[in-house]
Amino acid sequence: MSIFTLAAMLVACGPSPRPAATVRQLATSPRDFTYVAIGASDAFGVGADDPADDNWPTALSHLLGSDAHLVNLGIPGETVAEARRTELPVALDAKPSLVTVWLGVNDIVQSVSVKEYETQLEALLRALQQRTHARVFVGNIPDLTLLSFFAGYDQTALQVTISHWNAAIAQAVAATGASLVDLYAGWNELAAHPEYIAGDGLHPSTEGAKRLAEVFFSQIKPLLPTLRAATGAP
Amino acid sequence: MNSVFEFSPDSVAKPLAIATALVALLLIWQATRTPHLLRIGLRNVPRRKLRTALVVFGLMLATTFVASAIAIDDTIVLAVKSVAVYNLGRIDEQVVRRGGSTAPFSAAFGDEVRDALASNGHVAGIAPALTLSNVLVADETARQVRGGVTALAIDDVGAGPLTAFSDSSSGAAISLSTLRDNQILLNRNTAQLLNAHTGDTIYLYSDRWPGSRYTFTVAGAVTGGLLGDAPTILLTMPALSRVMQVSNAVNVVYIANTGNGLSGVGFSDGITDTLRDALPGFLAAHAVKADGVALSLRAQNIFGRILTLFTLFAFAIGLLLIFLIFSLLAAERRAELGIARAVGMRRSHVVIMLLFEGAAYDVAAAVLGIASGLGLGVLIVGLVSPIIARLGFPLQFDIQPGGMVTAFCLGSLFTLATILLAAWNISRMTVASALRDLPEPPALRPGPITLAREAFASLVPSGAPTGNRLLPWGKLLGSTFTTGIVPIIVGILLLRAAVGSFDGLLFAIGISVLAVGLVLLLRWTILAAIALLARWRFPATAARTMNRATERSDRLAALALGGGLALYWSLPFDALQSLGIPRFTGGIPLVFVAGMMMVFGSVIALAPNLDLLLKPVSWLLTQGGRLRHVTSVALLYPAFHRFRTGIGLALFSLVCFTMIVMACIAASTTKNYDNVPQQASGYDIAGQPLFQPVGGVNALSQYLRARAPATFDAMDAISSATPVPLGVIQPGAPDAGWRVYPASEIDGAFLEGTGLPLAARAQGYTSDTDVWHDVRTHPGDVVIDASALSPGDLAALGLGTPAPVSASQFLGPPLGAGLPGLSSLEALNQPTTSVTVEGGFSAIALLASDPTLVSQYHTSLRDIALGPGIIAPTTLWVGDLRGQSVSKVRVIGVVNNVHAQIYGLLGTPATFAPIERGLQPFGNEYFYFGIRPGVDAHNEALALGSALLENGFETTVLQDVLLSVNGPQVFISRVLVGLVGLTLLVGMAALAVTGSRAVVERRQQIGMLRALGFRRSHVQVMFFIESLLIGVVGAGLGLALGLILCRNLFAVDFFAAITTNLTLVVPWRELALICGAAIAASALAALIPAWQAGRIAPADALRYE
């Protein structure tokens, strides 16, 4: 035992600090900028080791900085239409500066038509555009053929579906002034990194969530000063 | 496990008995070698009968403490086991489908079980049976309904004790063979709940046969056999087979072991092993009773810890008492012992003589101690049992012989060891001083260098005996202790070992030993320097200077050492954590040693410096005019006889300390467990319609007013609650995300705040009334219970940590969820039928259905507390887990959930209307009734059930179910209160004995004072002041140190490994009573012998032998 350890232990035997006094400072100060994640199970953290802490919006908020206040609205299984009813009202009320939207896989799995999807997504994005001052980043559908969950699907047909849906997403994004995060192109490293996908073959693992956050962040980063300036954050 | 102690008294009985026998043989052998010492020692016993009685009584108290603690332990174990098995009746093992399915299987497997166990002599009965759970029973005659009843049919061939039923009223034996297919038997509890009588018409409903019912007639109410207290009805096998639409099938095989229902658990392993080999793969045998007993005893482990702690302190008090009594005894006979030494008796002879005398007292004291300990145990159990009888489980005083052997041997051995120590200490005397009863002169203490020189010189061969040659080495070794060298080395070694093993106790002891060494080394160094200086500069007065320096350094060393130890051990147990150093492990021994060190450290610091500390008191008292001489003498004696004063002070402090600690623990457990009315939050009856909804509080009130006006008039408050399965998000919280939390639409008296006390209000609200006004009138304003708050917010509000929300609370009503008859567990067990959703919140709904995930994903509101009692109005978004819409609510109040029975986010039906639109009502309506004082809750519960029979209104008297749930804790909490009383009683006796002995041994001094002109009243006042002084200082120390230890215990949630929600309660009134009683007992005990002594003529007193 070193003398330092002993000294530390002796010092540690002093009285423990008392709890803070009567007045508290609430965590979210007006200078923070609010980041809202609209999403599904991946945003909720399904597939991560610790869903509450290892989901990708949380990882992204860490990259954004300590002044980013995250409101993670991810609900497992959500389609865009459902998100409009359960997530959008909360998002609008939160007065966000930054919104990420990544929805679509559940719509594909539940056989929602691409036209219906595009309509719902555009409505969601338009509401965000018209009723908030947020910069909105929309992720498109990554290459699902790389996921074991879709191994039983007709791979050619799936590729066609993905391209149709991504076209719809691009259309909605363009129509509403949002920014597209091209996960299909930007996240093609999935094949080389099987550890990015959880054991269910569908959701991002903890490592995958971190990488996903980095992909979103790479596109958001140049706009961070603008976001902070808009909210008065340093 | 046979004990709730952290050790088993039975397991140590044998080695202790052997050790006691060996010691007894050793004494007998010594007696044969030195019969004259035996005669002299024993001669003192009958010489003064009163003195002997006092000594034996004092010594007896040590054994009394131990014996009563062990007796109470045995009784607690029996009671806990009884409670654990109460619902299992005579069932020891059961064979069911693997995985817990209740699907029927062929009755032929029952025969296989019989065949497999045919040759097992420990099996008393086997009963294949058919069970159907969750049956709804309606008694048309009594107009009562009860859900959650188990229907049971037994094949009684060879069932033995499993079917030994008796009439619950008359006790007459009832045979199943007399039961007809259209009849049912009810167990005692079902009969009481339904108010059923023989001949009543009963209907059975179940979701297995929706839309229809089966009709039976009540054949009687029975108890015994395999029946426990859970609501159960007995049918014939053909009748239940018909109801369940099965043929020649069973779904469980019950097995009863030989013995009395508890003693047979020891055979369970063998029986389940046999069955494991004999049964087909889909069936499994479970030792249900053994598992239940083990689980229940583990749950009561908190009380085991408390009992162990109490016993350890009791031991310490006992030993100190023995030491003090024997020291006083020897001091009284110092002159006599001096004469003995003067006529040639060696020191070892004095020790042996005192040991013989002590052994005589010891045997008598141990026997009497066992008897009185048992008596006190009986007294406590006797006081507690009438209250516990309400719980309906058997309680009887139970003593295991092993426990009593342990108490006897422990009492005898420790008493003897303490007597030996005291005798050795007393025998260190200078004959001349002893003969004249003068203080011992200061001993000449050579320095370590001189001692080392003498030790090495002894190595040179000489004619001296070996013993004499070893003496210098012994002295040298002793000096390494007194100079602090050995303690420093030992302290460092202990610290190294502690850091390696993360042992908190070892670390703290290491620090203490090191501190002792450092203080002693410092003292020795200073004294050596002064000695050198004095010899060099003032050789003529060197001796006087050294005497003064030694006296002052002793005082300072005692102050530094004792004060340091007391302060160090008073630190919180988790003090290391504040620097990020992992928490050291420690248990009951750490707490015990901490307590002892705190007390002894304080006494070491105080006793040698008492004269200085008393100077202001002395000055004050000497202003008293006529009694100035009396007060001077009164304060002189304790300051002069420091060792004796120290022991007396230590005993007094330790007794008070133990009583304070036990009183605080008992008050805390009582507040947390024995608080049934508080847990019911002021309501008396809960009810729920099982057939069709009543339609809310207003509809129910109108109905009662019209149809049952007397019942309506008996009500003080009526509330309703309808659970809502809710997803919640707090957007303002750091890393906000969707979580789940119990929620209910509330109405009636709840909306006035009745039963929902607020612990905090939103900023801007000046009263609870204002909060409830807005909850009632502003849809969207809600309150939430304290369990929904983060630990940081609870601390900021000044609230303790309530028990976290559990699966049984989630989806349950806000009050009393999880209690029998009120739980929504059935819903949780069938999540697909209760929370059936597609998309939307479906995955979050699954969280609510999984007990482990509920605890992980329940809401923890953060950063809402602004200060004690104030929160920021907090926005939440909520959504019904079955729906796809969300709504914004505002939390404006926090409901106190200190008793862990009120859960939920609570608002009006209008608040939840936006998210409930288009959804079927979830779960059930729950109603709560507060009845007027003096009205019988059971009668009103029956009246309510009768009035609302068409709705299938099931009523539950809340106090009954709360008592049955908390039964063991309530029982043991009350035993702890009894233990505090016992400690008070025995502690008083101990202090009275020492108080009176302190006077008796100073009879000669009293004579001297009387001869000098002191009046009898002066002597009494003198002793009164002296006793008062020791009493006040001791009680003050005990109170302060006891509170510090309790604070430390509860601050680190010492009992968290076993239970949560245990917060420190300081019962100030009881503590004042304890301190007052302790001081009064000591002072009064001193006054009586002082009064007697004062009556004796001075000449006689001076001649006292």
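Select helix α6 of chain B in this predicted model, where Met237(B), Ala239(B), Leu240(B), Ser241(B), Val243(B) and Met244(B) are buried. The helix runs over residues 237-244, and because six of its eight residues are buried, it is largely enclosed by the rest of the structure. To see what encloses it, add the strands β3 (123-139), β4 (144-154), β9 (214-224), β10 (232-235) and β11 (249-250) of chain B, against which the buried residues of α6(B) pack. Before leaving this region, select Gln245(B), which follows α6(B) and has a positive phi, near 55°.

Next, display helix α4 (residues 108-116) together with helix α7 (residues 268-278), both in chain B, whose axes come within 10 Å and cross at roughly 125°. This angle makes α4(B) oblique to α7(B), and the crossing of the two is right-handed. Which residues should be shown as sticks where α4(B) and α7(B) meet? On the α4(B) side they are Glu112(B), Val113(B) and Ala116(B), while α7(B) contributes Thr274(B), Leu275(B) and Ala278(B). Sorted by class, this contact holds four nonpolar residues, one polar residue and one charged residue.

Finally, zoom out to the whole of chain B, in which there are 39 helices and 28 strands. Of its 1105 residues, 56% are buried, and the chain exposes about 44900 Å², with carbon and sulfur atoms supplying 62% of that area. If you draw the contacts of chain B with a separation of 6 or more, 81% of them are accounted for by residues 24 or more positions apart.

Methods. Residues are numbered from 1 along each chain as its sequence is written. Chains are lettered from A and ligands numbered from 1 in the order in which they are written. This is a predicted model: local features need pLDDT of at least 70, side-chain atom pairs count only at pLDDT 80 or more; totals for chains, interfaces and linings use all residues. Side-chain values use heavy atoms; hydrogens and water are left out. Helices (H or I, at least four residues) and strands (E, at least two) are DSSP runs, numbered from the N terminus. Buried means under 20% relative accessible area, exposed over 50%, partly exposed in between (1.4 Å probe, protein chains only). Contact means heavy atoms within 4.5 Å. Accessible areas come from the Shrake-Rupley method with a 1.4 Å probe; for residues, only the protein chains shown count as cover. Axes are lines fitted to C-alpha atoms, for helices over the stretch in contact, and angles run from 0 to 180 degrees between N-to-C directions. Angles under 35 degrees count as roughly parallel, over 145 as roughly antiparallel, 65 to 115 as roughly perpendicular and the rest as oblique. A crossing is left-handed if the near helix is turned anticlockwise from the far one by less than a right angle, and right-handed if clockwise. Ala, Val, Leu, Ile, Met, Phe, Trp, Tyr, Cys and Pro count as nonpolar, Asp, Glu, Lys and Arg as charged, and the others, Gly among them, as polar.
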